Amino acid sequence: MEARKKYNISIEATLEVIGGKWKCVILCHLTHGKRRTSELKQLMPGITQKMLTQQLRELVSDGIVNRISYNEVPPRVEYELTEYGWSLKGILDSLCSWGEKHIIKEYGDKSAVLEDSILNK
């Protein structure tokens with residue numbers, strides 16, 4: 001019998017799934033609809049292809065994201081949030097809102113440091 005993992009506080013379980021630098025960013029982009037890997041890479045110029053692929057695989061494995069493979073030539077793959085993934089929307093919205101307030105507190109003008117992106121409207 002496999003030993004069950006123990007958490008000291010439940011946020012550890014959340015961070016185990018969505019923690020790190022990129023997963024929440026990927027998830028925020030997916031709240032705006034299906035995205036191909038190349039679209040995500042373009043929206044996230046700071047991420048390497050290897051890291052993007054790894055993060056997407058982990059999110060798929062955790063049941064947060066669906067990987068949709070189309071039977072076409074050349075092959076086409078899209079990613080979308082699962083129903084379970086959509087349950088994170090409130091958390092993601094709260095993180096974005098807090099981040100915006102933090103940017104304003106630290107820099108005064110958010111437009112000076114925040115990229116012009118659909119996510120920042």
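These legends go with a set of close-up views of one predicted protein model.

**View 1. The whole chain, with its six helices and three strands.**
Start here to get your bearings in the predicted model. Reading from the N terminus, the elements come in the order α-α-β-α-α-β-β-α-α. The C-alpha trace spans about 50 × 45 × 25 Å along its principal axes. Of the 121 residues in the protein, 26% count as buried. The exposed area comes to about 8,800 Å², and carbon and sulfur atoms supply 53% of that. If you take the contacts with a separation of 6 or more, residues 24 or more positions apart account for 45% of them.

**View 2. The open sheet, a set of three strands in the order β1-β3-β2.**
The pairing in this sheet is antiparallel. β1 and β2 sit at the edges with a single partner strand each, so each has one side without a neighbour in the sheet. As a reminder, strands of a sheet pair through backbone hydrogen bonds, in either a parallel or an antiparallel way. β1 covers residues 35-36 and pairs with β3 over two bridges. Look for Arg 36, which stands opposite Glu 78 in β3.

**View 3. The hairpin that β2 and β3 form.**
Here β2 and β3 run antiparallel, joined by six bridges. Two residue pairs make handy landmarks along the way: Ser 69 has Val 77 of β3 as its bridge partner, and Arg 67 stands opposite Tyr 79, also in β3. Between the two strands lie five residues.

**View 4. A cis peptide bond in the loop, from Val 73 to Pro 74.**
Zoom in on the link between the two hairpin strands. Pro 74 belongs to the loop that runs between β2 (65-70) and β3 (76-81). The peptide bond from Val 73 to Pro 74 has an omega near -5°, worth checking if you set up this model with your own tools.

**View 5. Where α1 meets α2, at an angle of about 75°.**
Two packed helices are described by the angle between their axes and by the distance between those axes. For α1 (residues 11-18) and α2 (residues 23-30), the axes are 8 Å apart. Angles of 65 to 115 degrees count as roughly perpendicular, and α1 and α2 are therefore roughly perpendicular to each other. On the α1 side, the contact is made by Glu 16, Val 17 and Ile 18. On the α2 side, Lys 23, Cys 24 and Leu 27 do the job. Sorted by class, that contact of α1 with α2 has four nonpolar residues, two charged ones and no polar ones.

**View 6. α2 up close, a helix that is mostly covered.**
Seven of the eight residues of α2 are buried. The buried set is Lys 23, Cys 24, Ile 26, Leu 27, Cys 28, His 29 and Leu 30. Among them, Lys 23, Cys 24 and Leu 27 also take part in the contact with α1.

**View 7. Helices on the sheet of order β1-β3-β2.**
α2 packs on this sheet and touches β1, β2 and β3. Its direction makes about 95° with that of β3. Helix α4 (residues 49-61) packs on the sheet too, touching β2 and β3. The direction of α4 makes about 110° with that of β2.

Conventions
Residues are numbered from 1 along each chain as its sequence is written. This is a predicted model: local features need pLDDT of at least 70, side-chain atom pairs count only at pLDDT 80 or more; totals for chains, interfaces and linings use all residues. Side-chain values use heavy atoms; hydrogens and water are left out. Helices (H or I, at least four residues) and strands (E, at least two) are DSSP runs, numbered from the N terminus. Axes are lines fitted to C-alpha atoms, for helices over the stretch in contact, and angles run from 0 to 180 degrees between N-to-C directions. Angles under 35 degrees count as roughly parallel, over 145 as roughly antiparallel, 65 to 115 as roughly perpendicular and the rest as oblique. Contact means heavy atoms within 4.5 Å. Ala, Val, Leu, Ile, Met, Phe, Trp, Tyr, Cys and Pro count as nonpolar, Asp, Glu, Lys and Arg as charged, and the others, Gly among them, as polar. Buried means under 20% relative accessible area, exposed over 50%, partly exposed in between (1.4 Å probe, protein chains only). Accessible areas come from the Shrake-Rupley method with a 1.4 Å probe; for residues, only the protein chains shown count as cover. Two strands pair if DSSP finds at least two bridges between them.
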